[in-house]
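Hi there,

Here is the structure I promised to pass on. Have a look at it first, and then read my notes below.

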Amino acid sequence: MKWWKVYALHFLFMWNSRTFEYVSIFLVAKAFPQSLTATSIKGITSTVSGLLFSSAVGNWIDRSQSRLRTLLTTICFNHAAVVVSYICWLSMPVPGEGTTHSESPFSNFQKGIVFGIILLLDIIHDLGAIGNRLSLERDWVPVLVGHITPDINYGLTEVNAVMTRIDLVCKLVAPSLLPMIISAWNSRTGWILVLAVLTAVFWALEVWCARIIARENLELDVPKMPSHDSATEEDLAMEDRYNHLKPGLQSLPQKMYFIFYQDPVVRLRHYFSIPMWPASIASALLQLTVLAYSATLITYLLEIGFSLSSITIARASGAIMALSSTVITPALVGYMRKRLSRNRFSGGQREDKENDEFEGKAVRTVGLWGISCQFTCLIPIVLLLWNLSPKSSEQTTTSPMTREATTYDTSKTASLPPIIPITLFAFLSLSRVGHFMVHLMVQELGQVEIPASQRSTFAGTEQSFNSLFALCHWAATVGWNRPEQFRYLALGSVLVCGLGVGVFAWWEKKPIRREVARYERIAMGDVTPEDD
């Protein structure tokens, strides 16, 4: 097994996806100047679609018979949506340069129709991206890695770290090429067509690469082994009842009941039946924090007087710390493996299940270190931001149309000793190490401690919780939208992170049940350690 082929497949998909995400932001801003309405609608639509449909996408992956066909389907839907979306943008009327009046999707009927189609295509793109990630991470990678032991040199930890590193690099570098493409083509039509052609080329390369990998690893193309666990049996029974409903409008209410209520409720119940759900929830809670290099924090820092150049440098340091976490995490897991397995052979040869417990304990411990690191780094950030937050002046309520006045003490920010912003940004960047550490560990736990027939469903439900908490994040910023109120958002962020630490620590201290430590053995045939 040559892992570079898997990494190349992941790189091609993520590069194209990250490029499209950035291009979409740029095109929306150009089509609807002087207004954030279209951008907000697009962001909310993307988040809500992830909330509602991620679990169903994961369930579809688990029920699909062929791993190869499933991955190819996600690639085709995702890239087809991107190409058609570019074509739709070509038909979108664009205001001329120097336009001073604001425009929204509701100000022009033609633009509203085209924008509605683009939103639908964005949903297909997002769900295709979610499906591709779940299929590759939860279906392909565990099969390709095979049985995990404490002595393994290149296992899930290392593979997940490299794939996360690829994602981070694509997220940082891919958008930087857009100005070069735009400058190389004088017309808007020209550079949009170039991006569409590049998407088609990437599409063909990804399909070719996936087929090459599947040809070398037949487990990816042969039908999955049938599972007889209770969750799978319940899913199949529900599917059978759904298929036996009478066609036509008479059974429409029953079908809607299955799709919008019974199926999601059953998947949610299965999610909470998995012993590792507290770790998953603890990781998802981190989506609530505003103390990351997000639009919320950056806008606030600009409001209180921080320069754009200093924030840009800080964001770059945060990206470096995030990348370093993909090196630090495997090293820590390796250290814990050696530490926990020193006495593995004392008193005789230990069983594979005990080896699995060592591996599970190592991953749990490093995950706890990660979320604790993020929580610890957020404490000084909150203390600094609480002191830097502007104070509200006395308010008058003589007119309901009068907006409350706020005094911005920008001189205080400008005259701060250098140690203050350095400390703020240093801890903010360091918190990204802990964030990605716990992300990688929860991902690995989901790959090995969940039955293969439920992995993607569990991960899809986890993604729904991520989207739910992200939506709560934005709702909180709408409710507390003034700069002097940001301190309360920051305080709430550290409290939520502390709650996540408590939940994860409570779960980590629980004994590992033998039936949970199922780092399952998968015959790989021609896959050998030397091939890695």
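**Helices side by side**

Let's start with helix 1 (residues 3-31) and helix 7 (residues 188-216), whose axes come within 9 Å and cross at roughly 155°. An angle over 145 degrees counts as roughly antiparallel, so helix 1 is roughly antiparallel to helix 7. As for handedness, helix 1 and helix 7 make a left-handed crossing. If you sort the residues in the contact of helix 1 with helix 7 by class, you get 17 nonpolar, 3 polar and 4 charged. Before you go further, please keep in mind that this is a predicted model.

You may wonder about the choice of numbers here. Two packed helices are described by the angle between their axes and the distance between the axes.

Now try a second pair. Helix 11 (residues 295-303) and helix 12 (residues 308-340) have axes that come within 10 Å, and they cross at roughly 150°. That angle makes helix 11 roughly antiparallel to helix 12. Which hand does the crossing of helix 11 and helix 12 have? Helix 11 passes helix 12 in a right-handed crossing, whereas the crossing of helix 1 and helix 7 is left-handed.

**Empty space inside**

Rolling a probe the size of a water molecule over the atoms shows where empty space is left. How many cavities of 30 Å³ or more does the structure hold? There are 2 of them, and the largest cavity has about 70 Å³ of space in it.

To find the largest cavity on your screen, look for H270, Y271, Q454, T457 and F458, which lie nearest its centre among the 12 residues of its lining. Three elements give two or more residues to that lining: helix 8 (230-243), helix 9 (252-273) and helix 16 (455-479). By class, the lining of the largest cavity divides into 4 nonpolar, 5 polar and 3 charged residues.

**Four residues to click on**

Each of these has a partner that is a long way off along the chain, so I give both the sequence gap and the C-alpha distance.

- N466 belongs to helix 16. Is N466 buried or exposed? Its relative accessibility is 16%, so N466 counts as buried. The C-alpha atoms of N466 and S283 are 8.5 Å apart, although 183 residues separate the two along the chain.
- M276 sits in the loop between helix 9 and helix 10 (277-285). With a relative accessible area of 2%, M276 is buried. From M276 to V442 you count 166 residues in sequence, but 8.7 Å in space from C-alpha to C-alpha.
- C373 is in helix 13 (residues 352-388). Because its relative accessibility is 27%, C373 counts as partly exposed. V433 is 60 residues from C373 along the chain, and their C-alpha atoms are separated by 7.8 Å.
- A200 has its place in helix 7. The relative accessibility of A200 is 37%, which means that A200 counts as partly exposed. Between A200 and V82 there are 9.3 Å from C-alpha to C-alpha, and the two are 118 residues apart along the chain.

If you like, begin with helix 7: you will meet A200 there, and you can then follow helix 7 to its crossing with helix 1.

Cheers

Note on methods
Residues are numbered from 1 along each chain as its sequence is written. This is a predicted model: local features need pLDDT of at least 70, side-chain atom pairs count only at pLDDT 80 or more; totals for chains, interfaces and linings use all residues. Side-chain values use heavy atoms; hydrogens and water are left out. Axes are lines fitted to C-alpha atoms, for helices over the stretch in contact, and angles run from 0 to 180 degrees between N-to-C directions. Helices (H or I, at least four residues) and strands (E, at least two) are DSSP runs, numbered from the N terminus. Angles under 35 degrees count as roughly parallel, over 145 as roughly antiparallel, 65 to 115 as roughly perpendicular and the rest as oblique. A crossing is left-handed if the near helix is turned anticlockwise from the far one by less than a right angle, and right-handed if clockwise. Ala, Val, Leu, Ile, Met, Phe, Trp, Tyr, Cys and Pro count as nonpolar, Asp, Glu, Lys and Arg as charged, and the others, Gly among them, as polar. On a 1 Å grid over the protein atoms alone, a cavity is a set of points where a 1.4 Å probe fits but cannot get out, and a pocket is an open set with protein on both sides within 12 Å along at least five of seven lines; lining residues have an atom within 4 Å of a point. Grid points are joined across faces, edges and corners, and a volume is the space filled by probe spheres set on the points. Buried means under 20% relative accessible area, exposed over 50%, partly exposed in between (1.4 Å probe, protein chains only).
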